[in-house]
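Dear colleague,

Please find the structure below, handed over for your own inspection. My notes on what was found in it follow directly after.

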Amino acid sequence: AVVAHVLASGAGFVEDLDESFKENRKDDIWLVDFYAPWCGHCKKLEPVWNEVGIEMRNIGSPVKVGKMDATSFSSIASEFGVRGYPTIKLLKGDLAYNYRGPRTKDDIIEFANRVAGPLIRPLPSQHMFEHVQKRHRVLFVYVGGESPLKEKYIEVASELIVYTYFFSASEDVLPEYVTLPELPAVMVFKDGTYFVYDEYEDGDLSSWINRERFQGYLHVDGFTLYELGDTGKLVAIAVIDDKNSSVEHTRLKSIIQEVARDYRDHFHRDFQFGHMDGNDYINSLLME
């Protein structure tokens with residue numbers, strides 16, 4: 001059995017992992033924090049990680065939560081592709097998924113539940129479709145039977161499940177306002193409307209989903225800006241003070257919103273729009 005140490009944190013359950021973890025992990029799904037004892041960011045994450053362990057145990061999640069001193073077990077950490085500290089990974093079978101989002105309890109747990117679940121989640125009824133649509137600002141759906149497009153969709157889901165959910169549905173489950181030119185089809189619902197993937201216009205399915213996994217207009221922070229780097233898009237943002245209600249600030253924000261909404265067909269393939277609250281982050285980025 002994996003050597004484990006239950007932390008003295010009430011109902012918390014974070015297992016201290018050693019070299020036996022490599023051989024014994026494959027029967028379970030693991031959420032692991034690879035850390036270094038001297039790392040300041042790791043120390044800051046530790047109480048959050050304990051909360052993650054408590055919450056995952058309380059909700060009865062099948063995901064086991066652990067941590068590994070990557071300096072003591074450097075060969076194992078290296079095999080999992082750990083290059084810096086802390087590194088959070090979800091290990092599922094032979095696959096290792098990197099977590100790159102905000103280091104908050106809720107964000108980490110949402111990531112773990114998403115990636116640990118099925119790649120493609122079926123939507124069997126209109127009621128379920130409506131329920132899921134209310135919960136997700138961006139919703140990818142495959143419609144149709146077995147096909148090469150479905151195989152590609154599953155392949156893309158295995159790569160991009162770290163960022164977003166993937167669903168499937170029959171045509172009669174879709175809202176009445178949806179019109180599909182042909183089946184099978186891949187769609188994205190967002191910004192109060194929907195868009196259908198067109199291989200001729202949109203190119204590779206993986207690239208299209210990576211571009212479309214964000215709403216057309218975003219409140220951009222450092223983590224979002226980092227993720228947007230993977231889309232290949234240029235980012236057009238208004239840098240404002242959200243607490244400043246002057247005409248200058250509100251007008252600049254509204255201009256960006258209008259361009260994102262009214263000129264989407266013209267710009268969305270190449271541009272991401274949004275606003276950033278405060279100039280500290282953008283100034284440090286420009287200096288680097």
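In this predicted model, the charged end of Arg114 is placed over the ring of Tyr165, 5.6 Å from the ring centre. A second arrangement of this kind involves Arg213, which lies over the face of Tyr163 at 3.6 Å from the centre of that ring.

Turning to ring pairs, the count comes to 18 aromatic pairs. In one of them, the rings of Tyr177 and Tyr194 have centres 6.0 Å apart and planes at 40°, so the pair is classed as tilted. Because Tyr177 belongs to the loop between strand 8 and strand 9 while Tyr194 belongs to strand 10, this pair ties together parts that are 17 residues apart in sequence. Tyr177 is partly exposed, at a relative accessible area of 46%, whereas Tyr194 is buried, at 18%. Tyr194 also pairs with Phe189, with ring centres 5.9 Å apart and planes at 35°, so that pair is tilted as well; Phe189 is buried, with 2% relative accessibility. Ring pairs further link Phe140, Tyr142, Tyr153, Phe166, Tyr197 and Trp208 into a cluster.

As for the sheet, 5 strands form an open sheet in the order 6-8-7-9-10, with mixed pairing. Strand 6 (121-123) and strand 10 (193-196) each have a single partner strand, so one side of each is left without a neighbour in the sheet. Strand 6 pairs with strand 8 (residues 166-169) in the parallel sense over 3 bridges, and Pro122 stands opposite Ser168 in strand 8. Helix 8 (residues 205-212) packs on this sheet, touching strands 7, 8, 9 and 10, and its direction makes about 10° with that of strand 9.

With best regards

Methods:
Residues are numbered from 1 along each chain as its sequence is written. This is a predicted model: local features need pLDDT of at least 70, side-chain atom pairs count only at pLDDT 80 or more; totals for chains, interfaces and linings use all residues. Side-chain values use heavy atoms; hydrogens and water are left out. Two strands pair if DSSP finds at least two bridges between them. Helices (H or I, at least four residues) and strands (E, at least two) are DSSP runs, numbered from the N terminus. Contact means heavy atoms within 4.5 Å. Axes are lines fitted to C-alpha atoms, for helices over the stretch in contact, and angles run from 0 to 180 degrees between N-to-C directions. Rings of Phe, Tyr and Trp (its six-membered ring) pair if their centres lie within 6.5 Å; planes under 30 degrees apart count as stacked, over 60 as edge-to-face and the rest as tilted. Buried means under 20% relative accessible area, exposed over 50%, partly exposed in between (1.4 Å probe, protein chains only). A charge sits over a ring if NZ of Lys or CZ of Arg is within 6 Å of the ring centre and within 35 degrees of the ring normal.
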